[in-house]
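Work through these exercises on aromatic contacts. Try each task before reading its solution.

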Amino acid sequence: MLVREAAQNSWDARTDEAGVDVHFGLDLYTVGAAHANTWRALLLEGCPRNAEHFPLRTSLGRNSIRVLAVSDRGTKGLGGPTRADAVTDGPRDFVTFVRNVGEPRDTQLGGGTYGFGKGIFFMLSRAHTVLIHTRTRHQGRLQTRLIGSALAHSYTESVVGRGEARYTGRHWWGMVSEGLVEPLVDAEADEMAERLGLAPFGADETGTTVVVVDPEIDEDLGSPGDVGDYLAETILWQLWPKMLPRVDGRPAMTFHVTVDGQDHPVPDPALTHPVQMFVEAYRRMNGPESRQLASGRPKRLLGVLGLHDTFVLPWTLTRAAESAGFDDTLVHHVCLMRSAELVVTYAKGVKPQAELKGYAGVFRVDPSMDEVFARAEPPTHDAWNADSLPPDERRYVKAVTRRLTEAQQEISGLRVVVGSEGREMALGAASNYFSDLVRGSSGFGGRHAAFESRTRDDNDPRTTGRTLASRPGRTQAPAHAIAAQTLPRVRVEYVGDPFHTHHHDRPALVQEFKLTGEATVRLDARLSIATSIDATGRDRDGTDQPQPLGWVTPDGTTILGPSALVRNDGHGTWRLLVRPTEDTMTVVEIEAEAVRP
């Protein structure tokens, strides 16, 4: 939530100046010994002494002070007046973030909706305390501002001469002026930031750094290095649309993550599986393959959808993926976003009928409907809730849900259509039916098996690879068997999953199958690489093709070559031997044609 909320704030605060990019960073570190005493002396002076009321005392009392700096550059900074009672027609970013709670957004088509998101900074801090270091243009010149803020629980405390007094739990550090704590500015702010060890701003640089004091990090994340990887991958899952190149070839935002000075690069979404599936869907959303989704009554354009279905390569379900809403490695989701192109959520849809197939989609709300869907979001901006809207707007969100479900059912093969004989037929079944009437189809029907292989030395346990399953029990007749009405109908039925073996001391893969019907049969093996991207995201242009090695009859006889003429009695299990290509997914098509003896 911190990554999402902070990045939305940063994107909304972009300057839009030519040549100035928005940069977002996360730096988790321990305050150095040269600065730790300054932190303790300055932040504890004049503060409540009861640690229960003021947890910052506990956080600063530890041997080391841990902080998380959340920064952006190429943004406007927190500008405008520093007092909430000041009247201005200009920006009020400082007051909105530091002073007020719950102000509506003033950024058209922005990612955020209300100021509640800033609360995550205080929630993440065990001390409920942050330092806000910003540089902005104020009254025609650059101004640096530094202020501390705590947002804890209210409490009652005895005061000498007054008795019991009620305190709000809100505290500030800065310069007291007319009874109000104001930020340090310019030279005083720069000097104090240096004493605290905060990163300085460049000569003409604007932006904001929010330093979370004593951040609460889940121990289950592991070592500090693991935390850095988690943060980098979280940026990937939540902000990948901003990492894609624009027309000028540069991304909308750049990112960095460091833990104790060690860099943790954010993965490239175009080369990282399965995020690359959503990148392709995004490309299609912005191209001729896009679909416009509209409501019926009244008829309104709701947004545009891009879909991409493909073979799903193996991948590891990580904590960052789980935080994004994935609970297994089956990808059948649509990424929802508003006009700001920030991820709202990954909406799970129906699972495809074909095994090893998955799909990714990206749906972006039309700008004319952006305000409606913004109002449908909770403060965490991670869902669209139609019930929170008035009836005249509720229908639009529900219409999107219906249209997305229809599209997901269609791409997964579950949407019902009417066939030529008047019978209802699932689109997946229709696809399988027609694929056998078109010679050379690469569809993933009943007569295909797929597997991913790593064909190094099978004796090496590190490289034995992983085999993906074909679906047992599916049958399908080839086109030429259908045409030959006077010959018996022969069907191929796969048995179990492909598995590894050796053939002439070299690694090979085996697919077992059965043949139905008694006939003389010609067996053919058609092999192809299902995808040009391997499991690591590398392009595989020019990859060698997999090769059929031969066939093994039920009695154990080996017949070499891609084709074989055999006699089938309808009993026993046959085998196809394949020499696959390393680090690819291969489609195996077994064709069985009954021929005259």
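**Exercise 1.** Is phenylalanine 54 buried or exposed?

*Solution.* The model is predicted. Phenylalanine 54 has a relative accessible area of 3%. Buried means under 20%. Phenylalanine 54 is therefore buried.

**Exercise 2.** Classify the ring pair of phenylalanine 54 and tryptophan 173, and place the two residues in the chain.

*Solution.* Start with the search: the whole structure holds 14 aromatic pairs. For phenylalanine 54 and tryptophan 173, the ring centres are 6.1 Å apart and the planes meet at 40°. Stacked needs under 30 degrees and edge-to-face over 60. The pair is therefore tilted. Next, the positions. Phenylalanine 54 is in the loop between α2 (33-44) and α3 (56-60), and tryptophan 173 is in strand β7 (residues 170-173). The pair thus ties together parts 119 residues apart in sequence. Tryptophan 173 is buried too, at a relative accessible area of 12%.

**Exercise 3.** Do the same for phenylalanine 278 and phenylalanine 326.

*Solution.* Their ring centres lie 6.3 Å apart, with planes at 80°, so this pair is edge-to-face. Phenylalanine 278 belongs to helix α8 (residues 275-285). Phenylalanine 326 sits in the loop between α9 (319-323) and β16 (332-337), 48 residues apart from phenylalanine 278. Both are buried: phenylalanine 278 has a relative accessible area of 0%, phenylalanine 326 one of 2%. Now widen the view. Trp237, Phe278, Trp315, Phe326 and Tyr346 make up one aromatic cluster.

**Exercise 4.** Which ring does the charged end of arginine 99 sit over, and which one does lysine 242 lie over?

*Solution.* Arginine 99 places its charged end over the ring of tryptophan 172, 5.9 Å from the centre. Lysine 242 lies over the face of tryptophan 11, 3.6 Å from the ring centre.

Methods. Residues are numbered from 1 along each chain as its sequence is written. This is a predicted model: local features need pLDDT of at least 70, side-chain atom pairs count only at pLDDT 80 or more; totals for chains, interfaces and linings use all residues. Side-chain values use heavy atoms; hydrogens and water are left out. Rings of Phe, Tyr and Trp (its six-membered ring) pair if their centres lie within 6.5 Å; planes under 30 degrees apart count as stacked, over 60 as edge-to-face and the rest as tilted. Helices (H or I, at least four residues) and strands (E, at least two) are DSSP runs, numbered from the N terminus. Buried means under 20% relative accessible area, exposed over 50%, partly exposed in between (1.4 Å probe, protein chains only). A charge sits over a ring if NZ of Lys or CZ of Arg is within 6 Å of the ring centre and within 35 degrees of the ring normal.
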